[in-house]
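I opened this entry to record what I looked up on the protein–DNA contacts and on the interface between the chains. The notes follow the order in which I looked.

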Number of protein chains: 2
Amino acid sequence: MLKLSKKTDYGLMALQHIAANQYGDVARARVVNTKEIAEEYHIPLELLAKVLQTLAKSGLIDSHNGPKGGYLLGKNPREITIAQVLEILEGPLGIMDCSHEKEGDACMQREHCNIRTPLLKIQSSIYQLLNNMTLQDMMGGTPLITIQSVATEQQGVER
Amino acid sequence: MLKLSKKTDYGLMALQHIAANQYGDVARARVVNTKEIAEEYHIPLELLAKVLQTLAKSGLIDSHNGPKGGYLLGKNPREITIAQVLEILEGPLGIMDCSHEKEGDACMQREHCNIRTPLLKIQSSIYQLLNNMTLQDMMGGTPLITIQSVATEQQGVER
DNA sequence: CTTTTATACGACTCATTTGATCGGAGATCA
DNA sequence: TGATCTCCGATCAAATGAGTCGTATAAAAG
């Protein structure tokens, strides 16, 4: 079914959310934390945390520790592609096992394999597809989101 | 990693093999059985059998019972697409859980989901890609499709 | 400087999917 | 008719992914 994992789903949602708060309205740019995202999208907190940590380690986002901490984008949304996120969270893209095989460790079927070449072409096309859509594209016409519960209590403390 | 399952791998190999023996050299067209394919490509016999059964039930291939039995293509190789095989063996294509959701049973994230629309576009493109490559293409020297990017339309709209 | 609050990090458990296997039923050819 | 070969359905085991728990570390507030 070619389904992408929850990690990727959550990661993309989080990135979109962070980007929207950071670039959506420059006047109100702010740091968002894990808890806020988890509650907004009903994602298990600890799992989301793990995803964000992975993204932070890769440099896609920057983490800020302590109270008032959270995450900010490490790159311009225009430079972050879906393919990047996918590879960071799920490993290198490959529609078959032998996608990234070296010449030596081939699979059993390799010698008579009749589908490798055409499938590699498809894989290449899919990659190209994912690599052409950026976080910026995903933000598109998205209006700035209002966060009722969390925002109100933070707004009070903010200034 | 968007990897497709062994079932699909095996299924595609088998279909290619059947097609090659049936249409490759018309003078020597012949029925091939499960065992032959399994040995040729080093695939577990019983697993391959199950895959072929599924394909047969869907009408993609015709099964012939008894001694000298085996499988023949039920359609012209030109009419069999990778997308078909994939959907038969792995279920409907969908890169996210909410791909085929009805309006009612939405996921928790749905109400505030910010990535559904762009991902649906990508999914559509992938489907188109898989649906444009036929078994015929995989057999012969027929060159492949080129793919148009989903993001193009959105890339134009730079803020 | 101490306390409080938030993120960072690693190890672990549980569930789902996938891969693989077994025994039986039906059909064909000698 | 009978023996063989095939398809067929149900079942079992392994691998992957989803989600959880507990502790450590860092920064802000008092």
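Entry 1, phosphate contacts. I began with the side chain of Ser63(A), where an N or O atom lies 2.6 Å from a phosphate oxygen of DNA strand C. I note that the model is a predicted one. I then turned to chain B and found a polar backbone atom of Lys6(B) 2.7 Å from a phosphate oxygen of DNA strand C.

Entry 2, a base contact. I next asked which side chain has an N or O atom 3.1 Å from a base nitrogen of DNA strand C. I found that this atom belongs to Lys50(B).

Entry 3, the surroundings of the DNA strand. I recorded 19 residues around DNA strand C. Ser63(A) and Lys6(B) are among the closest, and Asn33(A), Thr34(A) and Tyr71(A) are also listed there. By class, I noted 10 polar, 5 nonpolar and 4 charged residues on this surface. I looked up which elements supply at least two residues each, and noted strand 1 (61–64) of chain A, with helix 1 (6–24) and helix 3 (45–58) of chain B. I also checked which part of the DNA faces the protein: sugar or phosphate accounts for 64% of the strand C atoms within 4 Å of the protein, and bases account for the rest.

Entry 4, extent of the chain A and chain B interface. I then left the DNA and examined the two protein chains. I found 46 residues of chain A in contact with 49 residues of chain B. The buried area between the two chains is about 4,700 Å², and carbon and sulfur atoms give 62% of it. I asked which three residues supply more than any other three to the area that chain A buries against chain B. They are Met1(A), Leu2(A) and Leu129(A), with 16%.

Entry 5, polar and charged pairs across the interface. I counted 4 salt bridges between chain A and chain B by the rule. One that I looked up joins Asp97(A) to Lys3(B), with the closest N and O atoms 3.1 Å apart. For polar contact, the rule gives 8 residue pairs across this interface, with both residues at pLDDT 80 or more.

Entry 6, the side of chain A that touches chain B. I listed the helices of chain A that each supply at least two residues to this side: helix 1 (6–24), helix 2 (34–41), helix 4 (82–90), helix 5 (116–132) and helix 6 (135–139). Helix 5 gives the most, with 9 residues. I closed with the classes on this side of chain A, which are 24 nonpolar, 12 polar and 10 charged residues.

Methods
Residues are numbered from 1 along each chain as its sequence is written. Chains are lettered from A and ligands numbered from 1 in the order in which they are written. This is a predicted model: local features need pLDDT of at least 70, side-chain atom pairs count only at pLDDT 80 or more; totals for chains, interfaces and linings use all residues. Side-chain values use heavy atoms; hydrogens and water are left out. Contact means heavy atoms within 4.5 Å. Buried area is the accessible area (1.4 Å probe) that two parts lose on being put together, summed over both. A salt bridge is a side-chain nitrogen of Lys or Arg within 4 Å of a carboxyl oxygen of Asp or Glu. A polar contact is a pair of N or O atoms within 3.5 Å; within protein, one must be able to donate a hydrogen and the other to accept it, and residues adjacent in sequence count only if both atoms are side-chain atoms. Helices (H or I, at least four residues) and strands (E, at least two) are DSSP runs, numbered from the N terminus. Ala, Val, Leu, Ile, Met, Phe, Trp, Tyr, Cys and Pro count as nonpolar, Asp, Glu, Lys and Arg as charged, and the others, Gly among them, as polar. A residue is near a molecule or strand if one of its heavy atoms lies within 4 Å of it.
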